[in-house]
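Grab a coffee and open your viewer. Here are some exercises to work through, each with a solution.

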Amino acid sequence: IEKVNKILFFDAPLSMEQMIALVGSRFGIVPNTIVHFGGTCGEISEAGMNKAKGITKLLEFIPETIEDTVAIGDGFNDIEMLQTAYVGIAMGNARDEVKTVANYVTRHVDEDGLAYAIRKVVKGEW
């Protein structure tokens, strides 16, 4: 495969160690990226590629700065993004490791946590 953005996997029949051995050094694996699917899911992407790199690359093309960025996430694949954005917000249903890197924690996704966070940011409360 020449160009890969991201591959998601669910109910993998292989262990994480086996998956890592199969993809080699060209790709990276982030396990447990989707909270609702447990430990046998994750994502495979080009090594070193993550959402934080996407933010910094986008800022090269638009007239904004890092101080204008807000990120909201709940999975392990969001950690770098939450650390990079000026305001990083973890969903209430996020794992503790994700919450610890965020500036704020919003409500659970089932309690309109995304809308709640956006309102707080727009009002300048976060």
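The exercises below go from the whole chain down to single residues, and they use a predicted model.

**Exercise 1. Work out the overall layout of the chain: how many helices and strands are there in the chain, and in what pattern do they follow?**

Solution.
- Start with the count: the chain has five helices and six strands.
- Next, walk along the sequence, and you get the pattern β-α-β-β-α-β-α-β-α-β-α.
- For overall dimensions, the C-alpha trace spans about 45 × 35 × 20 Å along its principal axes.
- Now check burial: of the 126 residues in the chain, 34% are buried.
- Finally, look at contacts with a separation of 6 or more: 31% of those join residues 24 or more positions apart.

**Exercise 2. Find the largest nonpolar core and say which elements give two or more residues to this core.**

Solution.
- Begin with the members. The largest nonpolar core has 12 residues in all: Ile55, Leu59, Ala71, Phe76, Ile79, Met81, Leu82, Ala85, Ala90, Ala94, Val98 and Ala102.
- Sort them by element, and H2 and H3 come out as the ones giving two or more residues to this core. H3 gives the most, with three residues.
- There's also a second, separate core of nine residues, including Ala12, Met16, Met19 and Ile29.
- As background, nonpolar side chains tend to be buried together in soluble globular proteins.
- Zoom in on one member of the largest core, Ala85: beyond its neighbours within four places in sequence, Ala85 is in contact with Ile55, Ile66, Thr69, Val70 and Ala71.

**Exercise 3. Thr69 turned up among those contacts of Ala85. Decide whether Thr69 is buried or exposed, and find what its side chain reaches.**

Solution.
- Locate it: Thr69 sits in the loop between helix H2 (51-59) and strand E4 (70-73).
- Apply the cut-off: Thr69 has 11% relative accessibility, and buried means under 20%, so Thr69 counts as buried.
- Follow the side chain of Thr69, and you arrive at the backbone nitrogen of Tyr86, at 2.9 Å.
- List the contacts, skipping residues up to four places away in sequence: Thr69 touches Ile55, Leu59, Ala85, Tyr86 and Val87. Ile55, Leu59 and Ala85 also belong to the largest nonpolar core.

**Exercise 4. Describe the largest pocket: how much space lies in it, and what lines it?**

Solution.
- The volume goes first: about 390 Å³ of space lies in the largest pocket.
- The lining is made of 18 residues, with Asn5, Ser45, Met49, Asn50 and Lys51 nearest the pocket's centre.
- By element, strand E2 (27-31), strand E3 (42-46) and helix H3 (79-84) each give two or more residues to the lining.
- By chemistry, the lining divides into six nonpolar, six polar and six charged residues.
- Pick out Ser45, which lies in strand E3. Its relative accessibility is 8%, so Ser45 is buried.
- Leaving out residues up to four places away in sequence, Ser45 touches Asn5, Lys6, Arg26, Phe27 and Gly28.

**Exercise 5. Classify Glu17, Glu60 and Lys99 as buried, partly exposed or exposed, then check some distances.**

Solution.
- Glu17 is in helix H1 (residues 16-23). With a relative accessible area of 61%, Glu17 is exposed, because exposed means over 50%.
- Glu60 is in the loop between H2 and E4, and its relative accessible area of 55% makes Glu60 exposed too.
- Lys99 belongs to helix H4 (residues 96-99). At a relative accessible area of 26%, Lys99 is partly exposed.
- Now the C-alpha distances. Glu17 and Ala102 are 85 residues apart in sequence and 28 Å apart in space.
- Glu60 and Ile72 are 12 residues apart in sequence, with 21 Å between their C-alpha atoms.
- Lys99 and Ile79 are 20 residues apart along the chain, and their C-alpha atoms are separated by 8.8 Å.
- Round off with the contacts of Lys99, again not counting residues up to four places away in sequence: Ala90, Met91, Gly92, Ala94 and Val105.

**Exercise 6. Look at the backbone of Asp11 and Asp112: what is phi at each?**

Solution.
- Asp11 has a positive phi of about 50 degrees, although it isn't a glycine. Asp11 lies in the loop between strand E1 (7-9) and H1, and is exposed at 65% relative accessibility.
- Asp112 isn't a glycine either, and has a positive phi of about 60 degrees. Asp112 lies in the loop between strand E6 (104-105) and helix H5 (113-122), and is exposed at 55% relative accessibility.

Conventions:
Residues are numbered from 1 along each chain as its sequence is written. This is a predicted model: local features need pLDDT of at least 70, side-chain atom pairs count only at pLDDT 80 or more; totals for chains, interfaces and linings use all residues. Side-chain values use heavy atoms; hydrogens and water are left out. On a 1 Å grid over the protein atoms alone, a cavity is a set of points where a 1.4 Å probe fits but cannot get out, and a pocket is an open set with protein on both sides within 12 Å along at least five of seven lines; lining residues have an atom within 4 Å of a point. Grid points are joined across faces, edges and corners, and a volume is the space filled by probe spheres set on the points. Helices (H or I, at least four residues) and strands (E, at least two) are DSSP runs, numbered from the N terminus. Ala, Val, Leu, Ile, Met, Phe, Trp, Tyr, Cys and Pro count as nonpolar, Asp, Glu, Lys and Arg as charged, and the others, Gly among them, as polar. Buried means under 20% relative accessible area, exposed over 50%, partly exposed in between (1.4 Å probe, protein chains only). A polar contact is a pair of N or O atoms within 3.5 Å; within protein, one must be able to donate a hydrogen and the other to accept it, and residues adjacent in sequence count only if both atoms are side-chain atoms. Contact means heavy atoms within 4.5 Å. A nonpolar core is a set of buried Ala, Val, Leu, Ile, Met, Phe, Trp, Tyr and Cys residues joined through side-chain atoms within 4.5 Å.
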